[in-house]
4 protein chains.
Amino acid sequence: MSHAPFRDAPRTGRPRSAAADRAIVAATRQALAELGWSGLTMAEVATRAKVAKTTLYRRWPGKNELVVDSLAAVFEEHLELPDSGGLAADLAGVVRSFAALLELPEIRTALMAVVAEATRDPALRARIRDAIVDRQKALVLLGRSRAQARGELPPEPDPETAARNADLIFDVIAGTVVHRALVSNEPVDGAWAADFARLLLTGLTGLTGVTGLAPRTATDRR
Amino acid sequence: MSHAPFRDAPRTGRPRSAAADRAIVAATRQALAELGWSGLTMAEVATRAKVAKTTLYRRWPGKNELVVDSLAAVFEEHLELPDSGGLAADLAGVVRSFAALLELPEIRTALMAVVAEATRDPALRARIRDAIVDRQKALVLLGRSRAQARGELPPEPDPETAARNADLIFDVIAGTVVHRALVSNEPVDGAWAADFARLLLTGLTGLTGVTGLAPRTATDRR
Amino acid sequence: MSHAPFRDAPRTGRPRSAAADRAIVAATRQALAELGWSGLTMAEVATRAKVAKTTLYRRWPGKNELVVDSLAAVFEEHLELPDSGGLAADLAGVVRSFAALLELPEIRTALMAVVAEATRDPALRARIRDAIVDRQKALVLLGRSRAQARGELPPEPDPETAARNADLIFDVIAGTVVHRALVSNEPVDGAWAADFARLLLTGLTGLTGVTGLAPRTATDRR
Amino acid sequence: MSHAPFRDAPRTGRPRSAAADRAIVAATRQALAELGWSGLTMAEVATRAKVAKTTLYRRWPGKNELVVDSLAAVFEEHLELPDSGGLAADLAGVVRSFAALLELPEIRTALMAVVAEATRDPALRARIRDAIVDRQKALVLLGRSRAQARGELPPEPDPETAARNADLIFDVIAGTVVHRALVSNEPVDGAWAADFARLLLTGLTGLTGVTGLAPRTATDRR
DNA sequence: CACTAAGCGAGACGGTACGTCAAGTCTTGCA
DNA sequence: TGCAAGACTTGACGTACCGTCTCGCTTAGTG
């Protein structure tokens with residue numbers, strides 16, 4: 001956990017309970033799912049975790065940080081990218097992976113809220129980047145390197161371009177999925193993921209035609 | 001304003017002050033820019049607008065709705081799409097238009113916050129859609145119809161596909177710009193907009209190569 | 001009540017509830033009697049008075065001031081000195097009057113506590129003086145002036161001496177009764193009051209002899 | 001110290017540090033003087049005494065008892081009555097001795113506070129009596145027995161009367177001095193002590209006249 | 001022109017959550 | 001076992017904001 005103290009100075013006194021840490025994070029996720037971001041209170045979390053409010057504040061500066069770390073735990077356990085053997089399928093896999101997270105009520109209700117809070121709090125922004133965003137970006141980078149190894153994508157000419165392209169692709173994938181799920185409030189199902197993957201691979205001009213060639217079936221929907 | 005009462009029943013009594021409406025919305029934007037979403041209070045808005053707190057609650061159900069309407073006013077005055085004569089340029093225009101809004105502190109700090117609130121409040125979600133999202137989407141639709149008129153994009157085979165494609169493209173554009181600006185917290189400058197437009201038009205495979213052909217200059221950045 | 005606002009400026013807005021004031025003071029006395037000074041909490045008072053905690057803090061800066069005003073109300077309704085026709089009887093009357101107050105559990109538990117708090121808070125000290133001590137002192141002054149009118153005590157030669165003597169006599173009477181009741185924790189009954197009055201009138205040397213001349217009876221005790 | 005463990009059972013394990021006891025009491029007095037009763041915390045005492053909080057609780061049941069014992073230490077080192085050769089002077093000596101203690105900030109701020117606490121705690125009341133009040137009363141008794149030995153006061157006819165008178169005189173002296181110092185918040189100087197002694201010896205009627213005969217000078221004040 | 005039905009500013013009100021603090025207990029490791 | 005360090009539970013603290021209310025006043029139309 002990012003708030004863990006350095007163990008350089010051999011700490012004295014009673015050590016912090018690791019079980020409490022786990023209980024608090026779990027309670028936060030549960031309360032978030034039930035009550036939503038603005039309904040979440042520190043006292044409620046404390047009660048559910050069977051822990052005193054002071055224990056919360058000893059470990060996290062406030063609600064924002066606690067929620068970021070709790071969301072991070074969800075990302076940590078859910079994000080993975082099985083090698084599906086092809087770029088298009090890997091792409092759909094990333095999209096599905098992101099979308100699955102955004103279906104969780106605790107993520108739906110809290111992710112954008114902490115992003116909004118972070119606009120006025122650089123430390124929180126860094127925490128979000130380290131704990132959440134970078135974890136997602138790693139998935140995208142993994143997919144690209146696999147595609148390049150397979151020869152589906154050309155290798156980057158130089159590291160700077162590589163980074164710039166990676167950032168762009170990541171913003172496109174993550175941003176689009178988030179917008180679909182949270183703003184447009186539409187399901188991210190297999191059909192949509194396929195459409196999105198096709199658009200990403202072939203660009204706008206290829207969009208309509210290909211769709212026409214492979215009409216969807218009802219069973220295509222999740 | 002979307003909360004305006006129906007004029008069917010010819011209202012009696014003293015009419016509401018239109019000046020107050022304007023002052024409140026302006027005060028909300030200003031306070032949002034200075035204090036951020038979570039620092040914004042109804043009392044503060046009332047004070048700045050030189051209005052009583054009761055006047056606020058007489059017109060808006062709460063903070064969420066007041067902010068959505070205030071944000072909507074900003075979108076209304078800023079969003080436009082001058083015809084630049086080509087799809088790529090129109091695309092860049094839409095991106096720049098969205099990005100310009102996301103540079104405003106009141107939008108940065110509040111847009112994602114109300115989206116987050118809306119996850120648990122369908123009425124608020126509808127309000128956001130009507131007042132903000134549909135206004136953005138209209139821009140994207142306008143760009144597509146222009147491109148189709150010019151022959152740069154094929155006409156849609158049927159209305160359902162047209163709607164599905166429009167939704168997808170809109171989520172890609174709006175989502176990507178928002179993610180770049182608010183989550184990645186990087187500037188949406190001309191160079192990035194050009195990269196993004198190229199990706200949208202030609203797809204992933206075209207990305208690296210084209211970039212290599214047209215190396216950027218320093219003056220290209222905003 | 002000493003915190004009442006001046007009515008010079010014609011007050012606007014909703015007026016404060018006088019009933020709330022009364023309920024709060026009554027609740028404070030009751031809670032003090034049941035829970036003692038250190039057991040008294042603002043929340044408990046608020047609950048008993050069926051009033052919000054904020055209402056308490058809107059009217060009193062804190063627990064100390066609330067308690068002083070509540071004690072003052074008790075003093076106001078209890079302190080009086082019926083004219084008994086003679087100095088000795090008047091003296092006993094004052095003693096009994098003070099003692100009766102000190103038998104009330106809310107006074108027992110709180111009077112010395114606020115005095116202790118006041119050692120570090122001049123404003124609180126002034127409040128105690130105005131609301132409580134001066135009320136007691138007025139009784140002593142009344143007794144003296146009656147005695148002087150009857151010729152039982154000589155008139156004071158000058159105002160300064162008069163004030164100094166009054167202060168001294170007051171400290172003797174009030175201090176002694178308080179010490180007997182709260183520190184020695186012994187009852188202030190009729191017999192003790194008579195002993196004390198005799199000591200005050202005749203001094204130490206007269207103490208033992210007179211007691212011997214007028215042996216007490218069981219009915220003499222309160 | 002009244003909390004000292006019995007040495008009957010030959011105690012095992014590491015013995016308690018006597019130095020810690022002294023450091024704690026000293027730290028309590030110092031903290032009391034600086035922070036006042038309500039500002040005093042166990043943690044602060046522990047820090048100042050360079051001792052763990054647990055050590056405090058191992059030796060005293062709580063804050064009240066710790067403070068009583070610390071005040072008792074002050075009384076123990078300060079209270080004494082040099083034989084001045086006459087009743088009036090001895091009386092003034094007792095008054096001055098009490099007053100000197102009440103000038104100490106730790107006593108001013110804490111004495112009445114523990115008395116107030118004691119109204120709801122018989123054990124604390126007993127502790128105060130044994131550790132503080134009886135020590136003061138011994139001084140008064142000593143003064144009386146000297147006066148009786150000198151013939152300035154008549155011997156008591158019987159032990160019961162002796163005790164009753166002693167209690168009364170003690171309440172008068174201690175109560176008056178405390179009231180002057182803490183409630184009226186006026187200095188207990190030589191002039192006031194002389195006035196008080198005169199009143200005690202001759203009673204109320206003698207008060208005004210004698211004062212008139214011996215007008216004070218400025219140098220008479222402390 | 002008076003009546004009347006709102007609107008309006010000021011501020012009290014009952015609530016709820018905040019983040020802090022103190023009391024007193026418990027846990028660890030060292031002496 | 002004593003002790004230092006410090007985590008822990010409990011619960012009060014005082015503040016801030018919420019959304020509602022009460023009051024005295026103003027401002028249109030309507031009768």
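**DNA strand E and the chain A–chain B interface**

User: Of the 45 residues around DNA strand E, which come nearest?

Analyst: This is a predicted model, in which local features need pLDDT of at least 70, side-chain atom pairs count only at pLDDT 80 or more, and totals for chains, interfaces and linings use all residues. Residues are numbered from 1 along each chain as its sequence is written, chains are lettered from A and ligands numbered from 1 in the order written, and side-chain values use heavy atoms, without hydrogens or water. A residue is near the strand if one of its heavy atoms lies within 4 Å of it. Of the 45 residues around DNA strand E, those that come nearest are T54(A), Y57(A), R59(B), T55(C) and R59(C).

User: How far is a phosphate oxygen of DNA strand E from an N or O atom in the side chain of Y57(A)?

Analyst: A polar contact is a pair of N or O atoms within 3.5 Å. The side chain of R14(A) has an N or O atom 3.1 Å from a base oxygen of DNA strand E. For the side chain of Y57(A) and a phosphate oxygen of the strand, the distance is 2.4 Å.

User: Which residue of chain B forms a salt bridge with D195(A)?

Analyst: A salt bridge is a side-chain nitrogen of Lys or Arg within 4 Å of a carboxyl oxygen of Asp or Glu. The rule finds 2 salt bridges across the interface of chain A and chain B. In one of them, the closest N and O atoms are 3.1 Å apart, and the partner of D195(A) is R164(B).

Note on methods. Polar contact = N/O pair within 3.5 Å; in protein donor to acceptor, adjacent residues only side chain to side chain.
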